[in-house]
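Please follow this explanation with the sequence and the model side by side. We begin at one pair of facing residues and work outward from there.

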Amino acid sequence: MNQERIRRVIANMEAEGLTQMIVSSTASLYYLTGLWMEPHERMIALYLDDTGRAKLFGNEIFGIVPPQGLPLSVHKDGENPVKDLAREIRPGKLGIDKFWSSKFLIGLMELRPDMTPVQGSGPVDKARMRKDSLEIEALRRSSAFNDKVVEQVIAKVKEGAVENQLAAEVNRLYLELGADCEGVQLVCFGPNGADPHHSADGTVVKAGDSVTFDIFIPFNRYWCDMTRTVFFREAGEKQRQVYDLVLRANLAAIEKIKPGVFLSEIDKTARDIIAEGGYGPYFTHRLGHGVGLECHEPPDVGNVSEFPLEPGMVFSVEPGIYLPGEFGVRIEDLVLVTENGCEVLNKAPKELRIVE
Ligand SMILES: [Mn+2]
């Protein structure tokens with residue numbers, strides 16, 4: 001168990017008026033215990049109270065070897081998975097991890113009608129928002145790999161290039177550098193770029209297409225996530241104008257980042273620039289999201305994100321403009337909030353590029 005992290009989680013519990021909770025998400029459990037477990041439909045739960053008493057409950061099939069000092073209670077398939085957990089909890093409020101399956105929660109409520117479940121992800125999510133030095137090193141390293149990969153794949157945008165073949169190439173390059181797995185990489189040509197989540201298909205590149213790469217994977221559990229948009233052979237006046245606007249939004253938002261500023265202000269900085277340029281309705285998503293053990297994790301960088309920035313936060317800054325039937329531009333970097341500003345983890349160039 002990482003005692004420093006547990007200590008921060010308990011302080012967050014106290015701030016939220018929680019005396020006990022259940023941590024169940026794979027990433028949060030790993031964060032606290034160092035155990036990476038994907039339970040799928042089976043049950044896993046770490047019980048934690050405000051005195052620091054912790055106990056892990058899981059199916060025997062996981063073969064859990066708990067870290068020293070963490071008691072483990074094992075159940076088998078066919079048994080009620082929450083039976084032992086129900087004995088452990090105290091009456092009153094119990095914080096529940098946001099993705100814990102309702103089948104376990106309802107089972108627990110049936111056994112313990114004196115327990116009141118409440119949202120319980122906050123304490124761990126907030127601790128995870130401020131990365132410690134080990135995490136920062138891992139995130140820097142992942143983004144450095146991403147910078148390499150994006151350059152190598154941009155160099156492959158040539159006559160006859162196909163979206164899904166470039167996406168496969170990104171995964172191949174990632175694995176070569178030691179990525180944990182393969183992922184779903186977004187590669188979008190021309191009008192496909194107007195869909196922020198277009199999945200790479202058999203589309204072949206044409207002269208004048210915008211080419212967007214949004215590529216992300218974990219290395220050693222910590223994610224990178226970056227987007228670059230280039231143009232194939234030529235870029236028209238409108239494409240240049242839109243690119244310039246998105247780049248200015250990206251740079252202005254980054255410029256604004258320092259401890260104490262609200263996340264919503266960072267979002268607004270980028271959004272105002274795009275709106276003033278006349279494309280407000282075409283920037284359809286939040287500015288960014290936290291990144292760490294998950295590709296998308298708190299905090300949200302959006303217009304309702306009333307969190308002040310704190311040193312150690314890592315999140316994406318990814319303004320975009322999406323013009324249906326025409327093209328799309330998104331430029332995304334990961335940033336680390338420092339004591340007096342921020343460090344941009346991605347170094348791949350951002351000036352407008354026309355390839356081949
Ligand atoms: Mn992203």
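In this predicted model, a useful place to begin is Gly 290, whose bridge partner in strand 11 is Glu 297. The pairing to which these residues belong is that of strand 10, residues 288-290, with strand 11, and the two strands are antiparallel and held by three bridges. A hairpin of six residues carries the chain from strand 10 to strand 11.

Strand 11, which covers residues 297-301, also holds Pro 299, and the peptide bond that joins Pro 298 to Pro 299 is cis, with an omega of about 5°. Glu 297, the bridge partner of Gly 290, has a second role to note, in that Arg 128 forms a salt bridge with Glu 297 in which the closest N and O atoms are 2.8 Å apart.

That salt bridge leads to the question of how the chain is divided. The protein chain falls into domain 1, residues 3-128, and domain 2, residues 130-355, and the C-alpha centres of domain 1 and domain 2 are 34 Å apart. Where the domains meet, eleven residues of domain 1 are in contact with eleven residues of domain 2.

The size of an interface is often expressed as the accessible area that is lost when the parts come together. By that reckoning domain 1 and domain 2 bury about 1000 Å² between them, with 48% of it on carbon and sulfur atoms. Of the area that domain 1 buries against domain 2, Arg 5, Trp 36 and Arg 128 supply 49%, which is more than any other three residues.

The polar side of this interface can be described in a similar way. Between domain 1 and domain 2 there are three salt bridges, and the count of residue pairs in polar contact, with both residues at pLDDT 80 or more, is seven. On the side of domain 1 that touches domain 2, the elements that give two or more residues are helix 1, helix 2 (26-33) and helix 5 (122-129), and helix 5 gives the most, with four residues.

Turning next to the sheet with strands 1 to 6, one finds six strands in an open arrangement, in the order 4-3-2-1-5-6 and with mixed pairing. Strand 4 (72-75) and strand 6 (115-119) stand at the edges, and each has a single partner strand, so one side of each is left without a neighbour in the sheet. From one strand to the next the twist averages 25°.

At one end of that order, strand 5, residues 92-96, is joined to strand 6 by five bridges, and these two strands run parallel; Gly 95 is the residue that stands opposite Val 118 in strand 6. Helix 1, residues 3-15, lies across strand 1 (20-23) and strand 2 (44-49), and runs at about 70° to strand 2. In the loop between helix 2 and strand 2 is His 40, whose phi is near 50°, a positive value in a residue other than glycine.

A further open sheet has four strands in the order 7-8-9-17, and here too the pairing is mixed. Its edges are strand 7 (186-189) and strand 17 (354-355), each with a single partner strand, so one side of each is left without a neighbour in the sheet. Two bridges join strand 9, residues 222-232, to strand 17, and the two run parallel, with Phe 231 standing opposite Ile 354 in strand 17. Helix 7, residues 163-176, packs on this sheet and touches strand 7, strand 8 (210-219) and strand 9, its direction making about 30° with that of strand 8.

A last step takes in the structure as a whole, in which a search finds 35 salt bridges. One of particular reach along the sequence is formed by Arg 353 with Glu 151, the closest N and O atoms being 3.0 Å apart. Arg 353 lies in the loop between strand 16 (342-344) and strand 17, while Glu 151 lies in helix 6 (residues 133-154), so the pair ties together parts that are 202 residues apart in sequence.

Notes:
Residues are numbered from 1 along each chain as its sequence is written. This is a predicted model: local features need pLDDT of at least 70, side-chain atom pairs count only at pLDDT 80 or more; totals for chains, interfaces and linings use all residues. Side-chain values use heavy atoms; hydrogens and water are left out. Two strands pair if DSSP finds at least two bridges between them. Axes are lines fitted to C-alpha atoms, for helices over the stretch in contact, and angles run from 0 to 180 degrees between N-to-C directions. Contact means heavy atoms within 4.5 Å. Domain bounds come from an automatic or database domain assignment. Buried area is the accessible area (1.4 Å probe) that two parts lose on being put together, summed over both. A salt bridge is a side-chain nitrogen of Lys or Arg within 4 Å of a carboxyl oxygen of Asp or Glu. A polar contact is a pair of N or O atoms within 3.5 Å; within protein, one must be able to donate a hydrogen and the other to accept it, and residues adjacent in sequence count only if both atoms are side-chain atoms.
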